[in-house]
Amino acid sequence: MPTVEPTIETAWETLADGDPSATIRPETSASGVSPAMVELLAHPDGRAELAFGDTIGTGGMGIVRAAEQVRLGRTVAVKSIRPEVSDQDATRKLLAEAWMTGSLEHPNIVPVYDIAVDAEHTPHIVMKRVTGVEWESVMDDAGAVSERFGTHDLLAWNLGILVQVCNAVHFAHSRGVVHRDLKPQNVMIGAFGEVYLVDWGIAASLHRDAEQRIPHVSNTRIAGTPRYMAPEMVRCEPVSIPTDVYLLGGVLHRVLTGSPPHRGWSIREILDGALGFEARFGPDVPAELADLVRDAMKAEPSERIPTAEAFRQRIVEFLEHRGSSHIAEQARVRLQALHDELAGARDRTTIYGHLGACRFGFQEALSAWPGNPGAQEGLRTALTAVLCYELDARDPRAASLLVSELGETDPTLLADLERLRTEVDAQERKRRALEIDRDPRIGQRTRVFVVGMLAGFMILSPLSGWYFERALDNGSQIQFAGILAVVICGLLFWARESFLSTPINRTTAGILLLIPITKVSVHLVFMLGGADFRITMAAEALLYANIALGAVVAVAPRILPTALAFLGAALGMVTTDIHPLLLVAGADAVLFVNALVMWLPGLPKEPTLRPDRQDPVG
């Protein structure tokens with residue numbers, strides 16, 4: 001707590017038993033009004049005809065009465081010196097207030113019409129008659145404000161009043177005048193909502209007045225209302241524009257909390273508290289307004305908001321932002337529901353329902369006020385929470401969309417996302433490779449082409465042998481098997497990329513290679529055993545049937561017709577007189593048709609899934 005200078009002790013001692021809510025008036029010698037200026041008003045031309053009426057109010061040295069200004073026929077308010085305190089010093093103070101207020105013509109300052117002097121040379125300030133109430137008496141009464149002024153938003157109404165007070169103060173500052181006693185008791189609200197800043201009795205000028213009409217700030221001592229005083233006022237230092245800004249902050253503190261900023265049971269305690277005041281607010285006070293009070297009521301004048309106009313602008317901005325803040329508050333309710341869901345059931349549909357609702361709310365709030373910090377933080381919090389959920393759920397695509405919406409993101413989350421992308425991409429490549437291995441479309445045209453070529457060769461060769469009566473013994477069939485092996489190996493070498501690409505193609509290549517091997521093996525064994533050619537051909541056909549049946553089980557169930565054809569050929573060779581080569585040619589023809597039916601219909605262009613492997617047939 002700052003200590004009070006010993007030189008101020010004397011000034012404070014005189015205040016020990018005073019009213020902390022009343023204005024402390026400067027010492028008599030501080031008014032600085034020239035006696036010569038008073039004498040000028042004694043001239044008869046300075047007198048005005050006034051018909052006094054009822055008393056409107058009384059103060060420390062003055063009395064305000066209703067009166068009729070006879071010459072103009074209008075009702076006015078007349079401020080005079082109370083008879084019991086009438087002296088030259090009181091007269092000087094009254095005149096100083098009149099000259100001060102008269103120099104400030106503004107819609108929010110009560111106009112001074114004239115200074116009238118009666119027969120006893122007593123001055124009277126003739127002012128506009130304001131019919132209304134003190135702001136202090138209604139600022140906490142929502143019912144009274146609603147009834148009198150038709151508004152149901154008490155905070156907005158009070159801030160509107162304060163905005164007009166700021167207009168008056170800023171105007172006075174532009175004329176080099178500091179009010180020094182800003183408080184709700186010194187604001188009058190007219191019957192039609194007019195706002196007037198009154199009681200300029202202790203105002204001081206920032207400029208030297210050659211005629212000494214208005215006191216200069218350097219000629220004043222401690223003055224003001226203790227519950228609102230700025231620290232420099234308590235320290236009896238010269239006041240300035242930041243002093244009035246501090247008082248405006250105090251008035252806003254009164255609006256927000258219902259009490260003046262400086263508290264205590266005695267004036268001494270209150271003034272001590274003013275020197276080390278720090279504004280504190282509950283959670284129900286809007287953060288923008290709380291920050292405004294703190295910025296206006298800093299202990300050092302140089303650190304405060306510089307002008308009353310800047311203070312006013314901050315209030316206007318809050319009122320403009322208020323709708324945005326309300327929307328953001330509603331969005332925060334859905335944000336909390338989102339957090340609860342993420343901490344509980346974690347149902348995806350519910351999560352994205354809450355995210356969509358709070359995202360829409362925050363975006364609407366930002367549309368109304370792009371700089372709304374609460375909406376910005378709320379939106380970022382919501383998106384980050386769901387981003388963490390998607391990272392846990394291992395969904396890099398959804399996480400990437402959220403990162404793109406977030407913009408600047410926590411580097412740790414970005415690293416987690418990149419790591420997840422790498423892992424998922426590896427898994428996807430593995431899955432895709434397995435899918436490709438099982439895709440019958442890979443190399444389909446090559447298979448059809450190779451099988452077609454071999455089928456044609458295997459169909460025409462038996463028919464040619466039957467027709468020309470050649471290759472009708474086991475030795476000739478062994479020679480034919482050698483030629484067939486060379487043809488198959490040549491075709492497989494030419495189409496090796498396709499036939500090595502997938503298990504289906506590799507199995508097909510193996511089956512094709514088994515044909516000549518089987519043929520050679522069967523005919524060699526049966527030839528060495530002296531078996532009949534028809535029996536040998538039947539055994540060969542039976543082996544082909546078994547190979548086809550193995551393919552049915554292992555690779556392609558639809559090749560069953562081929563297995564049955566070779567089985568039928570084997571039976572036909574031992575039960576009928578049909579030439580074995582014709583039966584083999586027929587079975588080979590079934591194989592060719594079976595391949596076409598299996599691989600061509602419903603299989604359009606092959607998928608391009610392995611750019612490093614190409615089908616030589618296109």
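Which residue takes a positive phi in the hairpin of β2 and β3? The legends below begin with that hairpin. The model is a predicted one, in which local features need pLDDT of at least 70 and side-chain atom pairs count only at pLDDT 80 or more, while totals for chains, interfaces and linings use all residues. Residues are numbered from 1 along each chain as its sequence is written, and side-chain values use heavy atoms, with hydrogens and water left out.

**View 1. The hairpin of β2 and β3, and the pairing of β3 with β5**. Gly-73 is the residue in question, with a positive phi near 65° in a hairpin that has four residues between its strands. Strand β2 (residues 62-69) runs antiparallel to β3 over eight bridges, where strands are DSSP runs of E of at least two residues and helices are runs of H or I of at least four, numbered from the N terminus, and where two strands pair if DSSP finds at least two bridges between them. Arg-65 stands opposite Val-78 of β3. β3 also pairs in the antiparallel sense with strand β5 (residues 123-128), over four bridges, and there Ala-77 has Met-127 as its bridge partner. Because six of its eight residues are buried, strand β3 (residues 74-81) is largely enclosed by the rest of the structure; buried means under 20% relative accessible area, exposed over 50%, and partly exposed in between (1.4 Å probe, protein chains only).

**View 2. The largest pocket and its lining**. The largest pocket has a volume of about 990 Å³. Of the 31 residues lining this pocket, Val-64, Lys-79, Glu-134, Val-198 and Asp-199 are the closest to its centre. Among the elements that give two or more residues to the lining are β2, β3, β5 and α3 (88-102). A pocket is an open set of points on a 1 Å grid over the protein atoms alone, with protein on both sides within 12 Å along at least five of seven lines; a cavity is a set where a 1.4 Å probe fits but cannot get out, and lining residues have an atom within 4 Å of a point. Grid points are joined across faces, edges and corners, and a volume is the space filled by probe spheres set on the points. Helix α3 is largely enclosed by the rest of the structure, because 13 of its 15 residues are buried.

**View 3. The second largest cavity**. The structure holds two cavities of 30 Å³ or more, and the second largest has a volume of about 30 Å³. Its lining consists of Val-451, Leu-454, Ala-455, Met-458, Leu-512, Ile-515 and Leu-591. Helices α16 (444-468) and α19 (503-528) each supply at least two of the lining residues, and α16 gives the most, with four.

**View 4. Arg-180 and Cys-236, two residues with positive phi**. Most residues other than glycine have a negative phi. Arg-180, although not a glycine, has a positive phi of about 75°; this residue sits in the loop between β7 (177-178) and β8 (187-190) and counts as buried, at 2% relative accessibility. Cys-236 has a positive phi near 60° and lies in the loop between α7 (231-234) and α8 (241-257), where it is partly exposed, with a relative accessible area of 27%.
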